[in-house]
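Hi,

Here is the structure I promised to pass on. Have a look at it first, and then read my notes below.

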Amino acid sequence: MALCTTTTSCISVASFVASSSIIRRDSRTSCAARVGNVQALSSSAQYSKFGGSRLEIRLAGKGCGGQKTSGVRAMSSSDVEKESGSSRVIHGQCFVVGDNIDTDQIIPAEYLTLVPSKPDEYEKLGSYAMIGLPAELGRFIEEGETKTKYAVMIAGDNFGCGSSREHAPVAMGASGVRAVVAESYARIFFRNSVATGELYPVESENRVFHENSTGDTVTVDLDNNVLINHTKGKTFPLKPIGDAGPVIEAGGIFAYARKTGMIAAK
Amino acid sequence: MAQGCALSTTFTTGIMGPSQLLQRGSSAAVAPSMASPSQSQKWNLSRNVVAVMAPPQPQQRSPASTGSVKHAMTVTEKILAKASDKERLSPGENVWVNVDTLMTHDVCGPGTIGIFKREFGEDAKVWDREKIILIPDHYIFTADERANRNVDILRDFAKEQNIKYFYDITDKSDFKANPDYKGVCHVALAQEGHCRPGEVLFGTDSHTCNAGAFGQFATGIGNTDAGFIFGTGKLLVKVPPTLRFRLEGEMPPYLLAKDLILQIIGEISVSGATYKAMEFCGSAVDAMTMEDRMTICNMIVEAGGKNGVVAADKVTFQYLEGKTTVPYEPVYSDDSASYLEEYVFDVSKLEPLVAKPHSPDNRDTARACKDVKIDRVYIGSCTGGKTEDFMAAAKILAASGDSVKVPTFLVPATQKVWLDLYTLKVPGTDKTPAEIFAAAGCDTPTSPSCGACLGGPRDTYARLNEPKVCVSTTNRNFPGRMGHKEGQIYLASPFTAAASALTGYVTDPRDFL
């Protein structure tokens, strides 16, 4: 399966090369705007953006969330070294929602008494992720489970609008979501996702949520900036995650700042 | 000094007719989300309102005669320049700003404290014990043990760090027994003198933008960013481009600031100002009270905005008198500052509005919703629970002399607001708002807090535990916002809320004025 995915991804990418120069130039501009919150952080970054030759296929979902504790991915300094310059390819099932999914739907306010920095409450937050969504969208987390089987969320415009609660990206990350692909994000949700390193908030070039269905098998390839829907046999261009990528990869702004020497290592 | 909003010399604009509006609207408002039904309704509605934007403004800057380049800036850019020790800034630049004030509350404070301790050490000290404001306000009057524990966490931290401003509550059975307790953080910040022109305020709450009413930069952040500020007093921010909203004309007696911001959000959509500053000016803004300005700035986040701002003026300075001894330095937009877009509204032509379920930009006129039967009315929150909000509601009730037809819940934002309800007289009457509410059959004003605006624990007063229809003076009507996922929330002004309470239907307040 993994091999197959890699192959598919390479083929799909080839077909995007023709248009990628334009896409990249435009989207870098807009991406810089979004990512600007962390842009200055990255000026001293030592990483190779596209240097990763190895594709990491990570089956997310159950068990993947266990890599994180206390709202930050458990990552030793040696892990950080290993991750440096690696590709980011997220593979798994997707859950599809529409426009303006607000933080009350991601994690309703009654669960905000859970403190994300406490490890047990972090896990509990994850078990309530997306519980505010309308029932007709289906269960995001199966009855009796605490993790989701969906590694990727696909959405429309303005994902994460509403409150500044960091509980929102934390709950999603704790549930096992690795990436959101949305047409656009609310500002604070985007920033909180990057600051916590909980998930990749990736922007699609176009409106894609209606072309994907919940349960489809997808790959989010952040090196080649494509979303591949294997079930539908379609590929969608993504805007580059840009300078936010390494911050999320490191596990958030504190981990990133330590890794790059901005602040002293613990 | 340029206060208010002198028009840029690079363009002029005025109130255009509907046909011009259509042209502008088709290029700007519709593009992002054609598919949503609310968008198409909004599109139709746009034909009926006088709200236009100017042509894109040239970005050129002319060299001054001395040869040095004059760099005109907006008020937002100037505040951020000052806070980052820079002479000049432009939108898109990333700068480290020195933070004047950081506010956190019982919902996000414990997580922020957790991050601060994890990253800076168990024994670490905050960067400035006088610049951190801790305000328990969200889940106070509840039996929820974890909620109560979270207030305890704030208290322990305040003690440990010797935090100067901690508005504690220990006796939850009677809020009045807690002189330090204030209530809703954004209103408390203003009333306690923590909002000052020219400063930078961050808060772990999206409605921190409320404080932009004081001519300062104020925005909401997450726990991780707040934990960073706890330790360093700084934050990296991107300078937003500014959208300018000129609100001109005289406010009709049936309109309130809430109608104006609902108008604006309906115009530009819930993502229309994402990453952008929203600056408000014009004769209608000049004539506004501080509470009006707060209502407008409070809800800019519902359009995705980063910050809202109203230039400080004599109204601001008067409000601040006696509230703070901290010297502050107001700054103002230059006449030739660059704006991404300008919108001009003739407020005299606007009507009382509601935002229908389930989005703050799902705008409609109150009168068009007159057949919507409602189950209850809620007056409260940072947006619609200030003294003037209750005065406005009381004015409608007093004018009608009737009783409310549906349960009407009153949640004063702060202890000060609560006191006002029992001491001030409603203009044109010899009664206090509390007396008028009692005579009309409203619920007795309850303990000040965020209340059911965001649902909260199950035992929260006035929480929508069933799929009811509520007209509310709060700020959000997303699914589940006040509790039940199928609950329907119509956001409205206090006038419209009170009028609706009197009829049991969404009602235009002109029926009672």
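**What I found**

Let's start with chain B, which contains 16 helices and 18 strands. Keep in mind that this is a predicted model. Chain B runs to 513 residues, and 61% of them count as buried. If you take its contacts with a separation of 6 or more, 76% are between residues 24 or more positions apart.

**Domains of chain B**

The chain is split into three pieces: domain 1 (18-60 + 239-350), domain 2 (95-236) and domain 3 (354-511). Where domains 1 and 2 of chain B touch, domain 1 puts in 25 residues and domain 2 puts in 20 residues. On the domain 1 side, the elements giving two or more residues are helix H10 (290-298), strand E11 (307-310) and helix H11 (314-320) of chain B. H10(B) supplies the largest share of that side, with 5 residues. By class, this side of domain 1 of chain B has 15 nonpolar, 6 polar and 4 charged residues.

**A strand to look at**

Next, try finding strand E10 (residues 277-281) of chain B. Is it buried or exposed? 5 of its 5 residues are buried, so the strand is largely enclosed by the rest of the structure. In a regular strand, side chains alternate between the two faces of the sheet. Both faces of E10(B) are covered: B:Ala277, B:Glu279 and B:Cys281 are buried on one side, and B:Met278 and B:Phe280 are buried on the other.

What does E10(B) pair with? One partner is strand E9 (residues 242-248) of chain B, in the parallel sense over 5 bridges. There, B:Arg246 stands opposite B:Cys281 of E10(B). Helix H8 (residues 257-268) of chain B joins in as well: E9(B), H8 and E10(B) make a right-handed β-α-β unit. E10(B) also pairs with E11(B), again in the parallel sense, over 4 bridges. In that pairing, B:Phe280 has B:Val310 in E11(B) as its bridge partner. You have met E11(B) already, as one of the elements on the side of domain 1 that touches domain 2.

**Where the chains meet**

Lastly, the two chains: 43 residues of chain A are in contact with 48 residues of chain B. On the chain A side, two or more residues each come from helix H1 (2-39), helix H3 (103-106), helix H6 (187-196) and helix H8 (253-259) of chain A. H6(A) gives the largest share of that side, 6 residues. The side of chain A that touches chain B divides into 15 nonpolar, 18 polar and 10 charged residues.

Cheers

Key: Residues numbered from 1 in each chain as written. Chains lettered and ligands numbered in written order. Predicted model: local features only at pLDDT ≥ 70, side-chain atom pairs only at ≥ 80, totals over all residues. Buried ≥ 20, exposed ≤ 12 C-beta atoms within 10 Å, placed from the backbone. Contact = placed C-beta atoms within 7 Å. Domains from an automatic or database assignment. Nonpolar A, V, L, I, M, F, W, Y, C, P; charged D, E, K, R; others polar. Pairing = 2+ DSSP bridges. Right-handed = clockwise from strand over helix to strand, strands pointing away.
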